[in-house]
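I opened this one up to jot down a few things for the bench notebook. Entries follow in the order I looked things up.

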Amino acid sequence: MSNPITTAKQLEVQRIVDVLSKAIAQQRLRPGTRLVESQLVEALNANRNHVQVALQRLSMQRIVTIEPNRGAMVSQPTAKEAREVFIARRAIERAIVEGLAPACIRQNRQRIQTHLNGEREAAKSEDRRAIVRELSEFHLILGEISGNSVLSEILSNLMVRSSLIVALYQRADVSSCQCDEHQAIIDALEKGDNAHAVQLMQEHLDELERVLDLGDEAAGEINLRQVLSDL
Ligand SMILES: [Zn+2]
């Protein structure tokens, strides 16, 4: 028998984790933002202990960084971690796309279509937050409908971290509409051509990584001569 008090606490901690993850995924809270406990208690109408447990959980997921004596802040993934997140996404999303049968796409057709329409609307509106939310939602939907909760959970974590990475490293001049690439993946899946869908997903992820400015040199090592040469 589960203890009702423990369950209530778990639910409340999960609520706080979900709200903060969502705010970070949608770039309402940017990398490096201080997460002051007393402010979270007030803003989320939560108790301090629950907030602390939620922050610890987010820190284990690498979404929040807790520094001794300084408290918690939204994580700032390094360029190395960014590359690793993309390597992990290629592996996880390949597994998701490989397992999606045409029947599964047909069953979820309406949800997928509504979503793809939402992506196009967001792209037109040029509302950056809405664009970020819609574009990452596509990947999460594929994870959900795959029916594999382990892949889906890992992907949820990687998507929040991707959002931090995009906030930190995306080149300013990049237009972020990927609606057509998403549509092409769905078209291939609907035809049962999973090999092609996998290839399209890999190319899509390559492209997302390519528009990030992760630098070729080791993090922190800047070639001053090169940087200053044509000024
Ligand atoms: Zn995408």
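**Cysteines.** I started with Cys104, which has 15% relative accessibility and therefore counts as buried, the cut-off being under 20%. Cys179 comes out at 4%, so I put that residue down as buried too. I then looked for disulfides and found 0 in the structure. Note to self: this is a predicted model, and every value here is computed from it.

**Overall layout.** I counted elements next: the chain has 11 helices and 3 strands. Reading from the N terminus, I get the order α-β-α-α-β-β-α-α-α-α-α-α-α-α. The C-alpha atoms fit a box of roughly 65 × 50 × 30 Å along the principal axes. Of the 231 residues in the chain, 42% are buried. I also checked how far along the sequence the contacts reach. Taking contacts with a separation of 6 or more, 76% are between residues 24 or more positions apart. For the surface I have about 13200 Å² exposed by the chain, with 51% of that supplied by carbon and sulfur atoms.

**Helix α10.** How far apart are the end C-alpha atoms of α10? I get 24 Å for this helix, residues 194-210, and that agrees with expectation because 17 residues at 1.5 Å a residue should span 24 Å. Then I pulled its buried residues, which are Asn194, Ala197, Val198, Leu200, Met201, Gln202, His204, Leu205, Leu208 and Glu209. The cover over them includes α4 (79-98), α7 (128-145) and α9 (179-190).

**Helix α4.** Since α4 turned up in that cover, I gave it the same ruler check. α4 has 20 residues and runs 29 Å from its first C-alpha to its last, close to the 28 Å expected at 1.5 Å a residue. Its buried residues include Ala79, Val85, Phe86, Ile92, Ile96 and Val97. I also see charged names on the list, among them Glu81, Arg89, Arg90 and Glu93. What covers the buried residues of α4? I find α7, α8 (149-169), α9 and α10 included there.

**Glu134.** This residue sits in helix α7. Is Glu134 buried or exposed? Its relative accessibility is 16%, so I log Glu134 as buried. Leaving out residues up to four places away in sequence, Glu134 touches His115, Gly118, Glu119 and Ala122.

**Thr33.** I found Thr33 in the loop between α1 (4-25) and β1 (34-35). With a relative accessible area of 26%, Thr33 is partly exposed, because that class lies between 20% and 50%. Which residues does Thr33 contact, neighbours within four places aside? I have Ala72, Met73 and Val74. I also took a C-alpha distance to Val64, which is 31 residues away from Thr33 along the chain, and got 9.6 Å.

**C-terminal leucines.** Last entry: I looked for nonpolar surface and noted a patch formed by Leu224, Leu228 and Leu231. Together they have about 370 Å² of accessible area. Leu224 belongs to helix α11, residues 224-228. At 55% relative accessibility, Leu224 counts as exposed, since the cut-off for that is over 50%.

Conventions:
Residues numbered from 1 in each chain as written. Predicted model: local features only at pLDDT ≥ 70, side-chain atom pairs only at ≥ 80, totals over all residues. Heavy atoms only, no water. Disulfide = S-S within 2.5 Å. Buried < 20%, exposed > 50% of the residue type's maximum accessible area, 1.4 Å probe, protein only. Helix = DSSP H or I, 4+ residues; strand = E, 2+ residues; numbered from the N terminus. Expected span 1.5 Å × (residues − 1). Contact = heavy atoms within 4.5 Å. Patch = residues over 30% accessible without salt bridge, like charges linked within 9 Å, V, L, I, M, F, W, Y side chains within 5 Å. Areas by Shrake-Rupley, 256 points an atom, 1.4 Å probe, with all protein chains shown as cover. Salt bridge = Lys/Arg side-chain N within 4 Å of Asp/Glu carboxyl O.
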